[in-house]
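Dear colleague,

Please find the structure enclosed below. I should be grateful if you would read the notes after it with the model open.

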Amino acid sequence: MAANPVASTEVPTVKLLIGGKFVESRSQQWREIVNPATQQVLARVPFATPEEIDAAVASASEAFKTWRKSAIGVRARIFLKYQQLIRDNMKELAAILTAEQGKTLPDAEGDVFRGLEVVEHAANIGTLQLGEVANNVASGVDTYTVLQPLGVCAGITPFNFPAMIPLWMFPMAIACGNTFVLKPSEQDPMVTMRLVELALEAGIPPGVLNVVHGGEAAVNAICDHPDIKAISFVGSTRVGTHVYQRASLNGKRVQCMMGAKNHAIVLPDANKEQTLNALAGASFGAAGQRCMAVSVAVLVGDAQKWIPELVAKARTLKVSAGVDEGTDVGPLVSCAAHERVVGLIDRGVAEGARLELDGRQPTVPGYEDGNFVGPTIFSGVKPEMEIYHQEIFGPVLCVMGAATLDEAIAIINANPNGNGTALFTQSGAAARKFQEDIDVGQVGINVPIPVPVPLFSFTGSRASKLGDLGPYGKQVVLFYTQTKTITERWFEDGVSAGGVNTTISLK
Ligand code: NAD
């Protein structure tokens, strides 16, 4: 949806957060936030002006002067309190999220919860931001490292996890001693803003966390701003590649988690019922709008006979508004997304894939205006088809066949994306071979959506990621800090200083 030129006063406006205050934007450019199940306008979000973005960065720069020296315990206790506040407000957060994004209420709680786990991780910063020390690297000389915060960091987030992904970013950045400017998705910033309010309530000081809204111009301003040291981006491959290149050229540290095409291989020895449930849940849950959704199933050998049962399973899923109890598949986020997904299904039919289940016109009583697409399954999909090489980001599963596990692995390794993959089997030997040979960053064995918990890092690979370090886990502490190495020697009084050392050796 295009941005509207002026703000209307009829619906609430989403505020900017600058210097600890929620402020009304002076922008002339606004966009409506729309409930995707009903088309009700919930609020309007501004596209922040260049001056507002500068003010947010300036406030973060100022706050960094003191925040960088804050004690570990001070930082940790804020996140201890924050995790409790998120728990206490879980139902409200999920309700806001479902209203603006569309996913079901239980899945919205999951979205908040997977972010909450990162907040819990941030509360553990004392054991994460540790340096190393080596005693006597030369006689009487010690070397140690400290992990120091970088300065102002920024986060740019997508629409599909408006709670989890902002929580991947600012808690760990701030816990490491940085200050932060967040640019949430302009499609559904309301739950993000509620989480930001709670973060301030937990004790994040003024200026340490700032929020600006907008789209392309705001993102480019963040990429170009000389006072921003690092950017964490999550979103599409097209935009992420642009952000990575533009911000890297400006000398920033950048990590970009991007698009995907996640394949699941099914071997004929797999537990059939569990596998079909997992495939249906991972393909159609959140209406397929997950970067780790299964979008291609590669059925090996006799598993290809399971298609009718997979179709039957998908037919049982209830398509309705996320607030409706028992809903499995909510609406797509926008009318534009709906049009795009239906267009891709049309294209799949035109290109000769077999449409086993057509979700283009689901009946959803009471929500006739919603952006619904029901579970859709294609078989006979070929790599050259558009439905295979594009990320559909809707409830559409492409089914392919392979004669052997090796053939299935070769299909996946030939695909440019490397976000997630899964194997369904009862064979340990097959699982061992798969995890060893597959060239994908996050691997599930009988686990369809292997998003790592924050003890580990998110490790998408190849075309799904730019930058070496992931957005949480141990890796993110390295991303949000600069390692400083100190080599020191102390002379006792009265010890002879020795002669001049003109060599590189420590003597
Ligand atoms: P998107 O790339 O359209 O938007 C992401 C962010 O970029 C938003 O904040 C948006 O305002 C901004 N943006 C949009 N167009 C821009 C432009 N032309 N120039 C500069 N900035 C721009 O992504 P989306 O549609 O919100 O999210 C879905 C995508 O995100 C999918 O591709 C999905 O796979 C991906 N994703 C990846 C992960 C991961 O961890 N790998 C997680 C979630 C989502």
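The notes below deal with the cavities, one helix and one buried residue.

This is a predicted model, in which local features need pLDDT of at least 70, side-chain atom pairs count only at pLDDT 80 or more, and totals for chains, interfaces and linings use all residues. Residues are numbered from 1 along each chain as its sequence is written, and side-chain values use heavy atoms, with hydrogens and water left out.

Cavities

A cavity is a set of points, on a 1 Å grid over the protein atoms alone, where a 1.4 Å probe fits but cannot get out; its lining residues have an atom within 4 Å of a point. Volume is the space filled by probe spheres set on the points, with grid points joined across faces, edges and corners. The whole structure holds 2 cavities of 30 Å³ or more.

The largest cavity encloses about 100 Å³. Its lining consists of 15 residues, and G288, R290, A293, S295 and F393 lie nearest its centre. By class, 7 of the lining residues are nonpolar, 5 polar and 3 charged (nonpolar: Ala, Val, Leu, Ile, Met, Phe, Trp, Tyr, Cys and Pro; charged: Asp, Glu, Lys and Arg; polar: the others, Gly among them).

The second largest cavity encloses about 40 Å³. Its lining includes R114, E117, W168 and Y472, and divides into 8 nonpolar, no polar and 2 charged residues. Helix α4 (105-122) and helix α6 (164-175) each supply at least two lining residues, with α4 giving the most, 3 residues. Helices (H or I, at least four residues) and strands (E, at least two) are DSSP runs, numbered from the N terminus.

Helix α12

In α12, the buried residues are A337, V341, V342, L344, I345 and G348 (buried means under 20% relative accessible area, exposed over 50%, partly exposed in between, with a 1.4 Å probe and protein chains only). Seen down the helix axis, these buried residues fall within an arc of 155°, so they line one face of α12; the arc is that of the directions from the axis to the C-beta atoms. They pack against β14 (354-357), β15 (376-379), α13 (386-389) and β16 (396-402). On the other side of α12, E339 and A350 are exposed. G352, which follows α12, has a positive phi, near 95°.

Residue A280

A280 belongs to helix α10 (residues 272-284) and counts as buried because its relative accessibility is 4%. Leaving aside residues up to four places away in sequence, A280 touches G285, K313 and L317, contact meaning heavy atoms within 4.5 Å.

Yours sincerely

How values were computed. 1 Å grid on protein atoms, 1.4 Å probe; cavity = no way out; pocket = protein on both sides within 12 Å on 5 of 7 lines; lining within 4 Å.
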